[in-house]
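Here are a few exercises to work through with the model open beside you. Try each task on your own before reading its solution.

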Amino acid sequence: MNAVQRLQKAQKKPSLIKIALAVCGLTLTTFGHAEVGAPEKDELKFGFIKLTDMAPIAVAYEKGYFEDEGLYVTVEAQANWKVLLDGVIDGKLDGAHMLAGQPLAATIGFGTKADIVTPFSMDLNGNGITVSNEIWEMMKEHVPMENGKPVHPIKADYLKPVVEKFRAEGKPFKMGMVFPVSTHNYELRYWLAAGGIHPGYYAPHKGDTSGLLNAEALLSVTPPPQMPATLEAGTIYGYCVGEPWNQQAVFKGIGVPVITDYEIWKNNPEKVFGMTKEFTEKYPNTTIHIVKALLRAAKWLDENNNANRPEAVKILSRPEYVGADYDVIANSMTGTFEYEKGDKREVPDFNVFFRYFATYPYYSDAVWYLTQMRRWGQISEKKPDQWYFDMAKQVYRPDIYAIAAKELIADGVMSAADFPDLDKESGFRAPQSEFIDGVTYDGTQPNAYLEKLTIGLKDETL
Amino acid sequence: MTEIAAIFRNEKGKILFAPSQLILLLRHLGKALALPFAGIVIFLMLWQGVANNITTSLGQFPGPVQVWDSSKSLVAEHQREREREAAFYQRQEDRNAEKLAKDPLADVKIRPYTGKATFFDQILTSLYTVSFGFLVASIIAIPLGIACGLSEKVYQSVNPIIQTFKPVSPLAWLPLVTILVSALYVSDDPMFEKSFLTSAFTVTLCCLWPTVINTTVGVTSIDRDLINVSRVLQLPSLVHVRSIVIPSAIPMIFTGLRLSLATGWMVLIAAEMLAQNPGLGKFIWDEFQNGSSDSLGRIMVAVLAIGLIGFSLDRLMLAIQGRISWDKQAILR
């Protein structure tokens, strides 16, 4: 009987839980982690992009959680998301901090086709949209003010006149995002579209993957750490990126963050930990040990009301991780966000790593990303609802998550309250309506959701 | 005066250095050192002056003082990393001992350190990569150059290829090399890292041409008298190459090798930067991406290190040439 079956059985017969726990406790003291066997592969290499939301990987390494699980992990920064994804696909990397859209896009074959799965969501929120000082001055005229400070959230409605002015002058209005299937691309598009600015369609079936069809704002790819430099050079007028690259713009005095993704969609799912399906099948125990270590790291990051964040920031500011200055990283990681220079506001949930079941790989999160891929034409034709569910289930692996979580509960490291009800969880969150445009998203009805969005594809194929 | 003079006598009272000779020597040394020293001092002052007036988005541009501080912090970081490494191995040994205590037959092993590569590790990686690439290039280029120099026919047929590839920036090769290495170098237990081979072969590709061309020129311009001697003695061709061709062409071969090594070193840094392969180039790119307030200082340390290493590599080649060249009187510079 393997660990899963045993634990499931234990769950079914509540009277046996205590006995099972006692047995686990006993085996623990004698054999260490005997429930899930030793990792089949123990020397691993993980990739990441220099963003604060890679924190669970850095913390799991620095706090020795990987070693506790018998894993010897090397952590390596990657140049951009494409290099990172290719690294995971061809096996140079065993796993990586990924954009939620990457495993999904790889599985449906938008871009490089490969079977990538994710048993662990890394965080919620954590991104922002920044515009250059010049654009901010032009936008500011339209932004409502209160006590001399702009009223948040700042909608793209106020950017619209600026974009129109540029278009009237025949100048393209260019903005940067980090990858075609990145959260940032969808968030930036969501924000622009909610303000009536068309961000352009993709048409992969016609070989057009630039995403500029009918675009009023032209979005292009720039690797996160280069965003501030590109903005400063005047190549783009604004960007959507993860931290610390919005706060960096404030510190450098080259741009103004106008909105965080928390205000675009409250507690939106962000990065995931991606691995190839092949890896999880070839090394099932290793996979579970990885998830366990990451879960412990995520919990540490949010523990005691973010008490460990300053220490986490210290780790992240080291050159081998994010490497930006302590103050820049601390700004967003410790629950505040600086918009215009001096306009620092409380955003306690700017980075969420563990609260609100942030680490659970919800199918509904996957479905939302798929709806956005459809909305902007990355998926060229209409798909039935069932297709969305099938794809989500292929990529998101709450089953692996559940084994790791139960192990941690059995080890006494975490409690059942830290997780959603692992046996009853359907994987679909209740309908969410905290979007900037007030549209409600129900993961069980992807097509109906697409109908509700004003700008974006519905039934048609371009 | 006698006391001073006594210093320069050995225990038997023999004069080692006459004071007048010493003064001469000092004067000579002074002349030789004064100008470079003055040059460096003026450069450092100018640098500090200019740096103070440049403010970048990452703060003030680092002057010599800040760069000196950065280099000290890099040394400190290196030492800290070594301590962490020692602790890492200690933890493994403890764990293994514990495992063995429970089960004497347990399979234990020590895994290599998983921490980051420090600045000094990156220097070593770069040096190792460049020497590997340069060595491979030299092994191909010198014989090829000799063949081209000896035979007009070989030269005529190879020349267009050399001339076409010579001006190609090695970075243009980089994507091709990367793809080829990952396609062709497949093994379960690889002796080299793929990234290492990519960088090394890129270096090889650009190290080839200066050596080939200079060797060819060196071989074609051998003194006619020497060739005639070889003819008169009816030397077999291998002996001809070994005792006439190579010794006469050594100065030109080395000119080629030095040019090759210099370009190889320059290219390697760019290749590492672009391909994110381990080495000094990656160090610089990582620091640029970090964009922290001491990034510029650390990049400057790397720049100086690259320069000094390039300089010493060239001196090293010169020393080797001095050793193996038959003409010890020749002035090398």
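## Exercise 1: Two asparagines with positive phi

Asn304(A) has 8 C-beta neighbours inside 10 Å, so Asn304(A) counts as exposed. Bear in mind that this is a predicted model.

Task: find which element holds Asn304(A), and then classify Asn267(A) as buried, exposed or partly exposed.

Solution.
- Step 1. Asn304(A) sits in helix H14 (residues 284-306) of chain A. Its phi is near 45°, which is positive although the residue is not glycine.
- Step 2. Asn267(A) also carries a positive phi, about 55°, and is not a glycine. Asn267(A) belongs to the loop between helix H12 (261-264) and E15 of chain A.
- Step 3. Count the neighbours of Asn267(A): 17 other C-beta atoms lie within 10 Å. Exposed takes 12 or fewer and buried takes 20 or more, so a residue in between is partly exposed. Asn267(A) is therefore partly exposed.

## Exercise 2: A glutamate in a helix

Task: decide whether Glu407(A) is buried or exposed.

Solution.
- Step 1. Locate Glu407(A) in helix H19 (residues 398-411) of chain A.
- Step 2. Glu407(A) counts as buried because it has 24 C-beta neighbours inside 10 Å.
- Step 3. For a distance check, take Phe428(A): Glu407(A) and Phe428(A) are 21 residues apart in sequence, and their C-alpha atoms are 23 Å apart in space.

## Exercise 3: Cis peptide bonds

Task: find where Pro153(A) and Pro244(A) lie, and check the peptide bond that leads into each.

Solution.
- Step 1. Pro153(A) is in the loop between strand E8 (149-150) and helix H8 (160-168) of chain A. The bond joining His152(A) to Pro153(A) is cis, with omega about -5°.
- Step 2. Pro244(A) is in the loop between strand E13 (238-242) and helix H11 (245-252) of chain A. The bond from Glu243(A) to Pro244(A) is cis too, with omega near 5°.

## Exercise 4: A sheet in chain A

Task: work out the strand order of the open sheet of five strands in chain A, and name its edge strands.

Solution.
- Step 1. The order is E2-E1-E3-E15-E4 (chain A), and the pairing is mixed.
- Step 2. Strand E2 (72-77) and strand E4 (116-121) of chain A are the edges, since each pairs on one side only.
- Step 3. On average, neighbouring strands of this sheet are turned by 30° against each other, direction ignored.
- Step 4. E4(A) pairs with strand E15 (residues 271-276) of chain A in the antiparallel sense, over four bridges. Within this pair, Ile116(A) stands opposite Thr276(A) in E15(A).
- Step 5. Now add a helix: helix H5 (residues 81-89) of chain A lies across strand E1 (43-48), strand E3 (95-99), E4 and E15 of chain A. H5 runs at about 140° to E3(A).

## Exercise 5: Chain B, inside and out

Task: describe how helix H4 (residues 119-150) of chain B meets helix H9 (residues 237-275) of chain B, then inspect the contact between chains B and A.

Solution.
- Step 1. The two helix axes come within 9 Å and cross at roughly 145°. The crossing of H4(B) past H9(B) is right-handed.
- Step 2. Contact residues include Phe134(B) and Ile142(B) of H4(B), and Leu257(B) and Trp265(B) of H9(B). The contact of H4(B) with H9(B) has twelve nonpolar, six polar and one charged residue.
- Step 3. Between the chains, 14 residues from chain B and 21 residues from chain A take part. Helix H10 (residues 280-290) of chain B gives the most to the chain B side, with four residues. That side holds no nonpolar, nine polar and five charged residues.

Methods: Residues numbered from 1 in each chain as written. Chains lettered and ligands numbered in written order. Predicted model: local features only at pLDDT ≥ 70, side-chain atom pairs only at ≥ 80, totals over all residues. Contact = placed C-beta atoms within 7 Å. Nonpolar A, V, L, I, M, F, W, Y, C, P; charged D, E, K, R; others polar. Pairing = 2+ DSSP bridges. Axes fitted to C-alpha atoms, helices over the stretch in contact; angles between N-to-C directions. Left-handed = near helix turned anticlockwise from the far one by under 90°.
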